[in-house]
Amino acid sequence: MDGRIKVPYSWSAGEVGTRYLEALRDEKKFLGTRCGKCGIVYHVPRMHCPDCFEECSEWVELGSTGDLVTFTVVRRHHAQLSPLETPFAYGIIRLDGATTGFLHLISDFDGVDLAMGSRLEAVFSEEPQGSINDVKYFRPVRGVA
């Protein structure tokens, strides 16, 4: 007999995650944290550096633009798996001021050849909810090839 047990639960974003998500929701600002020992600026912010284990207590305001590190383009729509209309891409984006990159959606690039190093800008949701999805997607910076 097959069965499934449902266990409802909710996650806390924690001290660092909450500050990050509130800044994103309320001010449309990206924040990072800097390791005092290594100097690495983490986006998404961390409480402790995973390399040297020091506390990352310095908050850094990052840009809403950045460089495309790597990506893959999705051209085939799937009703349950496609978060955007095709074509769209998943990419690692290194925001201005950050050392590390993060994964997000890329769209609105018709007629633009995406390439590693392409400049991208954030497109924010009109109705922020306090999640990373408050950034709908990134798109190529207008006026830049």
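Visitor: Which is glutamine 80, buried or exposed?
Guide: This is a predicted model, where local features need pLDDT of at least 70, side-chain atom pairs count only at pLDDT 80 or more, and totals for chains, interfaces and linings use all residues. Residues are numbered from 1 along each chain as its sequence is written, and side-chain values use heavy atoms, with hydrogens and water left out. Buried means under 20% relative accessible area, exposed over 50%, and partly exposed in between (1.4 Å probe, protein chains only). Glutamine 80 has 68% relative accessibility, so it counts as exposed.

Visitor: Where does glutamine 80 lie?
Guide: Strands (E, at least two residues) and helices (H or I, at least four) are DSSP runs, numbered from the N terminus. Glutamine 80 belongs to no such run here: its place is the loop between strand 4 (65-74) and strand 5 (88-95).

Visitor: How many residues does the largest nonpolar core have?
Guide: In soluble globular proteins, nonpolar side chains tend to be buried together. A nonpolar core is a set of buried Ala, Val, Leu, Ile, Met, Phe, Trp, Tyr and Cys residues joined through side-chain atoms within 4.5 Å. In the largest one, Phe30, Ile93, Ile106 and Phe138 have the most contacts, and the residue count is 22. 

Visitor: Which helix supplies at least two residues of the largest nonpolar core?
Guide: Phe30, Ile93, Ile106 and Phe138 have the most contacts inside this core. Several strands each supply at least two of its residues, including strand 1 (30-34), strand 3 (58-62), strand 6 (102-106) and strand 8 (135-140). The helix that does so is helix 1 (14-27).

Visitor: Which residues form a nonpolar patch on the surface?
Guide: Patches are made of residues with over 30% relative accessible area and no salt bridge; like charges are joined within 9 Å, nonpolar side chains (Val, Leu, Ile, Met, Phe, Trp, Tyr) within 5 Å. Areas come from the Shrake-Rupley method with a 1.4 Å probe, and for residues only the protein chains shown count as cover. With about 630 Å² of accessible area together, the patch residues are Ile5, Val7, Tyr9 and Trp11.

Visitor: What is the relative accessibility of tryptophan 11?
Guide: Tryptophan 11 is found in the segment before helix 1. It counts as exposed, because its relative accessibility is 75%.

Visitor: How many disulfides does the structure hold?
Guide: A disulfide is a pair of cysteine sulfur atoms within 2.5 Å. Cysteine 49 is buried at 1% relative accessibility, and its closest cysteine sulfur, in cysteine 52, is 3.8 Å away, too far for a bond. The sulfur of cysteine 56 is 4.8 Å from the closest one, in cysteine 35, again too far. The number of disulfides is zero.

Visitor: Which residue does a cis peptide bond join to threonine 86?
Guide: Most residues other than glycine have a negative phi, and most peptide bonds are trans. The bond after threonine 86 is cis, with omega about -5°. The partner sits in the loop between strand 4 and strand 5. It is proline 87.

Visitor: What is omega for the peptide bond from histidine 43 to valine 44?
Guide: Valine 44 is found in the loop between strand 2 (41-42) and strand 3. The bond leading to valine 44 from histidine 43 is cis, with omega near 15°.

Visitor: What is phi for phenylalanine 53?
Guide: Phenylalanine 53 is in the loop between strand 2 and strand 3. It counts as exposed, at 65% relative accessibility. Its phi is positive although it is not a glycine, at about 70°.

Visitor: Which residue in strand 7 meets arginine 139 in a salt bridge?
Guide: A salt bridge is a side-chain nitrogen of Lys or Arg within 4 Å of a carboxyl oxygen of Asp or Glu. Here the N to O distance is 2.8 Å. Arginine 139 lies in strand 8 and its partner in strand 7, so the pair ties together parts that are 18 residues apart in sequence. The partner, buried with a relative accessible area of 17%, is glutamate 121.

Visitor: What is the N to O distance between arginine 139 and aspartate 108?
Guide: Aspartate 108 is partly exposed, with a relative accessible area of 32%. Its phi is near 60°, a positive value in a residue other than glycine. The side chains of aspartate 108 and arginine 139 meet in a salt bridge, N to O, at 3.7 Å.
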